[in-house]
Amino acid sequence: MTEDSAAGTTGGKPEANARTGLGQGPGRLLVLLYGVFTVAAASRSIYQLIAQYQEAPLAYILSAVSAAVYAFITVSLVRGGEGARKAAMVCCAAELVGVLTVGTWTLADPSAFPDQTVWSDYGMGYLFIPIFLPVTGLLWLRKARRGAPDTASRA
């Protein structure tokens, strides 16, 4: 390992993640949580779609959609860069709308969801992490945007 690679640079140029810091510092926790939720939601929804589709198709499809959103946000955070940050912000906002919509829907009409989704009851089955995760993600991504010009001007 060279000094440049240890310092997060290649040939004297900072790497994308070092420059934007989306997956650095507290962003690492977001990457970890989104990664865990990707695996949890995807594995659960794949099994349910294959083995139990007839029981609650809407719930299982929504769980698959949530897994796809989590995966996209995870990749965006790891990838870094301004384009990835903007895409992650859109997905975090969509995720928040999804959690609020499905959470409210499951409380208003429980019969519409014979089985739980990741976002049911605002993520109660997942310790309410699904409601806090997009809010935290949006705050982090907003902070990363504000921090980017400061970092560039100091270099």
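**A colleague's note, starting from S66**

1. At a relative accessibility of 1%, S66 counts as buried; that word is used for residues under 20% relative accessible area, with exposed meaning over 50% and partly exposed in between (1.4 Å probe, protein chains only). S66 sits in helix α4. Once its neighbours within four places in sequence are set aside, S66 is in contact with A41, V118 and W119, where contact means heavy atoms within 4.5 Å.

2. A word on what you are looking at. This is a predicted model, in which local features need pLDDT of at least 70 and side-chain atom pairs count only at pLDDT 80 or more, while totals for chains, interfaces and linings use all residues. Residues are numbered from 1 along each chain as its sequence is written, and side-chain values use heavy atoms, with hydrogens and water left out.

3. Now the overall layout. The chain has six helices and two strands, arranged along the sequence as α-β-β-α-α-α-α-α. Helices (H or I, at least four residues) and strands (E, at least two) are DSSP runs numbered from the N terminus. Of the 155 residues in the chain, 37% are buried. Among contacts between residues at least 6 apart in sequence, 66% join residues at least 24 apart. The chain exposes about 8,700 Å², and carbon and sulfur atoms supply 67% of that area; accessible areas come from the Shrake-Rupley method with a 1.4 Å probe, and for residues only the protein chains shown count as cover.

4. Back to α4, the helix that holds S66. Its 23 residues should span 33 Å at 1.5 Å a residue, and its end C-alpha atoms are indeed 33 Å apart; the expected span is 1.5 Å times one less than the number of residues. The buried residues of α4 include A59, L62, S66, Y70 and L77. After α4 comes G80, whose phi is positive, near 75°.

5. Helix α5 (residues 82–108) is worth following too: its 27 residues reach 39 Å from first C-alpha to last, close to the 39 Å expected. Among its buried residues are A84, A88, C91, C92, L96 and V102.

6. Why do C91 and C92 form no bond? The sulfur of C91 is 7.3 Å from the closest cysteine sulfur, in C92, which is too far. A disulfide is a pair of cysteine sulfur atoms within 2.5 Å, and the structure holds zero of them. C91 is buried at 16% relative accessibility, and C92 is buried at 1%.

7. Finally, the aromatic rings. Rings of Phe, Tyr and Trp (its six-membered ring) pair if their centres lie within 6.5 Å; planes under 30 degrees apart are stacked, over 60 edge-to-face and the rest tilted. That rule gives four aromatic pairs. In one of them, F37 and Y70 meet edge-to-face, 5.6 Å centre to centre with 75° between the planes. F37 lies in helix α3 (residues 26–51) and Y70 in α4 (residues 57–79), so this pair ties together parts 33 residues apart in sequence. Both F37 and Y70 are buried. W105 and F113 have ring centres 4.9 Å apart and planes at 85°, so this pair is also edge-to-face. W105 is partly exposed at 37% relative accessibility, whereas F113 is buried at 8%. Ring pairs also link Y34, F37, Y70 and Y126 into a cluster.
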